[in-house]
Amino acid sequence: MAIVSSNIDQSDSLSSKGKKRVVDGAPLADEKRSFREDGLRPKCLDDYIGQSALKEVLGIAIQAALGRGDALDHVLLYGPPGLGKTTMAMVVAKELGVKCRITSAPALERPRDIVGLLVNLQPKELLFVDEIHRLPRIAEELLYPAMEDLRLDLTVGKGSSSRVRALELPPFTLVGATTRAGALSSPLRDRFGLIHRLDFYNLRELQSIVRRASELLRLPLNDDASIEIARRCRGTPRVANRLLRRVRDFATVQGQKDVIDASLVEEALSLHCVDRRGLDATDRRLLELLMNSYGGGPVGLETLAAALGEDASTLESVVEPFLLQIGFLKRTPRGRVLTQVGKSHLQEQQKI
Ligand SMILES: Nc1ncnc2c1ncn2[C@@H]1O[C@H](COP(=O)(O)OP(=O)(O)O)[C@@H](O)[C@H]1O
Ligand SMILES: [Mg+2]
């Protein structure tokens with residue numbers, strides 16, 4: 001694997017109070033720096049758990065491309081952070097038996113950045129562009145003919161004597177990943193032959209992911225313990241792996257030698273204030289405020305933000321999405337409302 005550039009600038013997983021959240025789907029600073037996640041990444045399609053529709057589509061396309069001796073069509077993967085987009089790009093390269101060159105759109109600021117990458121590609125190689133919705137305009141325009149006609153239009157010379165020279169490229173596969181498919185320009189989107197959304201994982205899949213990671217980390221867990229972690233990770237493998245590491249830390253400090261059980265998981269994760277459904281302190285503060293001070297709502301976003309001492313846009317983009325997704329919170333024209341399930345969950349938590 002060739003790391004061409006790792007300027008992966010997802011603003012760090014901060015809670016609205018500026019604290020890192022253990023349940024954030026985006027990588028935390030240390031996870032980015034050390035590429036620590038790499039050890040747990042599945043390497044081939046068979047090891048990649050879940051996303052069965054995506055695996056089937058890609059499996060067939062890969063086989064067909066290999067059979068024809070051709071490059072695989074360009075692939076666009078989209079979905080929330082931590083669901084396995086980067087991992088899938090590497091898996092595809094491995095299955096194709098080619099190198100995966102990795103870059104991130106914000107790193108392609110100057111025309112020569114993308115030109116340099118493209119002219120150095122070997123036939124059928126894979127170029128992975130993370131956060132592709134952030135591609136600078138100039139890079140995007142260079143990519144159009146490259147993706148479509150394997151041609152790079154280079155301007156040589158300056159001023160009135162400048163001309164455009166076309167350079168032929170070897171067949172290659174571009175894999176783009178984004179958390180915001182809607183932010184992609186339609187000409188760019190249209191140049192991908194395979195476009196696929198990654199979904200949140202179900203409990204069974206998450207449990208398998210936890211089991212697999214615990215074997216790799218040589219951390220014996222029983223079934224109750226792995227399902228307990230699976231329940232708390234917000235449908236996201238990256239969070240599952242992170243929670244597992246926190247459990248390992250706790251077990252080490254406790255001098256735990258036996259197989260880890262659910263009560264140890266519970267104890268370890270309650271230190272991080274992560275509850276049974278994967279809610280952390282920030283989530284609960286919001287829901288409790290709604291319940292205790294506003295009778296369940298509706299309350300306007302600005303009012304909530306002011307009462308919590310948070311920034312309204314952080315609340316909306318970082319805290320609310322998961323609560324909406326699991327149906328604890330509802331957005332109505334008159335403001336935010338705590339749902340009955342949300343309320344029951346809070347009441348249960350208070351009893352514990
Ligand atoms: N399908 C999967 N099976 C097992 N582990 C996975 C899977 N998808 C993701 N992971 C784990 O989650 C971590 C984050 O995945 P990544 O591909 O970096 O997510 P994304 O690029 O979508 O943000 C990886 O390090 C990997 O260990
Ligand atoms: Mg990624």
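A residue counts as buried if 20 or more other C-beta atoms lie within 10 Å of its own. In this predicted model, Gln51 is buried because 21 other C-beta atoms sit within 10 Å of it. Gln51 is found in the loop between helix H1 (29-33) and helix H2, and its phi is positive, about 50°, even though it is not a glycine. Arg234 tells a similar story: it is no glycine either, yet its phi is positive at about 60°. With 27 C-beta neighbours inside 10 Å, Arg234 also passes the cut-off, so it is buried. Its place is the loop between helix H8 (223-232) and helix H9 (237-254). As background, most residues other than glycine have a negative phi, and most peptide bonds are trans. The peptide bond from Gly297 to Pro298 is cis, with omega near 5°. Pro298 belongs to the loop between helix H11 (281-294) and helix H12 (301-308).

Next comes the overall layout. The protein is split into domain 1 (2-197), domain 2 (203-271) and domain 3 (281-351). Between the C-alpha centres of domains 1 and 2 there are 31 Å. Where these two meet, 11 residues of domain 1 are in contact with 15 residues of domain 2.

The largest nonpolar core holds 67 residues, and the members that touch the most others are Ala89, Val92, Val175, Ile229, Ala240 and Leu243. Both domain 1 and domain 2 give residues to this core, so it lies between them. A second, separate core has 12 residues, among them Leu290, Val319, Leu323 and Phe328. In general, nonpolar side chains of soluble globular proteins tend to be buried together.

Helix H3 (residues 85-96) is worth a closer look. Its 12 residues should span 16 Å at 1.5 Å a residue, and the end C-alpha atoms are 17 Å apart, so the two values agree. Of those 12 residues, 10 are buried, so H3 is largely enclosed by the rest of the structure. The buried ones include Lys85 and Glu95 as well as Met88, Ala89 and Val92. The cover over them includes helix H2 (52-68) and strands S2 (75-78), S3, S4 and S7 (173-178). Leaving aside residues up to four places away in sequence, Ala89 touches Cys100, Leu126, Phe128, Val175 and Ala177. Right after H3 comes Gly97, with a positive phi near 75°.

Strand S3 (residues 100-104) is hidden too: 5 of its 5 residues are buried, so it is largely enclosed by the rest of the structure. Both faces are covered, with Cys100, Ile102 and Ser104 on one side and Arg101 and Thr103 on the other. S3 runs parallel to strand S4 (residues 126-130), and 5 bridges join the pair. Thr103 stands opposite Val129 of S4. Together with helix H4 (residues 111-119), S3 and S4 form a right-handed β-α-β unit.

Over in helix H7 (residues 203-216) sits Leu206. Leu206 has 26 C-beta neighbours inside 10 Å, so it counts as buried. Setting aside residues up to four places away in sequence, Leu206 touches Tyr201, Ala230, Cys233, Gly235 and Ala240. Leu206 and Ala240 are 34 residues apart in sequence, but their C-alpha atoms are 7.4 Å apart in space.

Note on methods. Residues are numbered from 1 along each chain as its sequence is written. Chains are lettered from A and ligands numbered from 1 in the order in which they are written. This is a predicted model: local features need pLDDT of at least 70, side-chain atom pairs count only at pLDDT 80 or more; totals for chains, interfaces and linings use all residues. Helices (H or I, at least four residues) and strands (E, at least two) are DSSP runs, numbered from the N terminus. Two strands pair if DSSP finds at least two bridges between them. A crossover is right-handed if, with the strands pointing away from the viewer, the path from the first strand over the helix to the second runs clockwise. Two residues are in contact if their C-beta atoms, placed from the backbone, lie within 7 Å. The expected span of a helix is 1.5 Å times one less than its number of residues. A nonpolar core is a set of buried Ala, Val, Leu, Ile, Met, Phe, Trp, Tyr and Cys residues joined through C-beta atoms within 7 Å. Domain bounds come from an automatic or database domain assignment.
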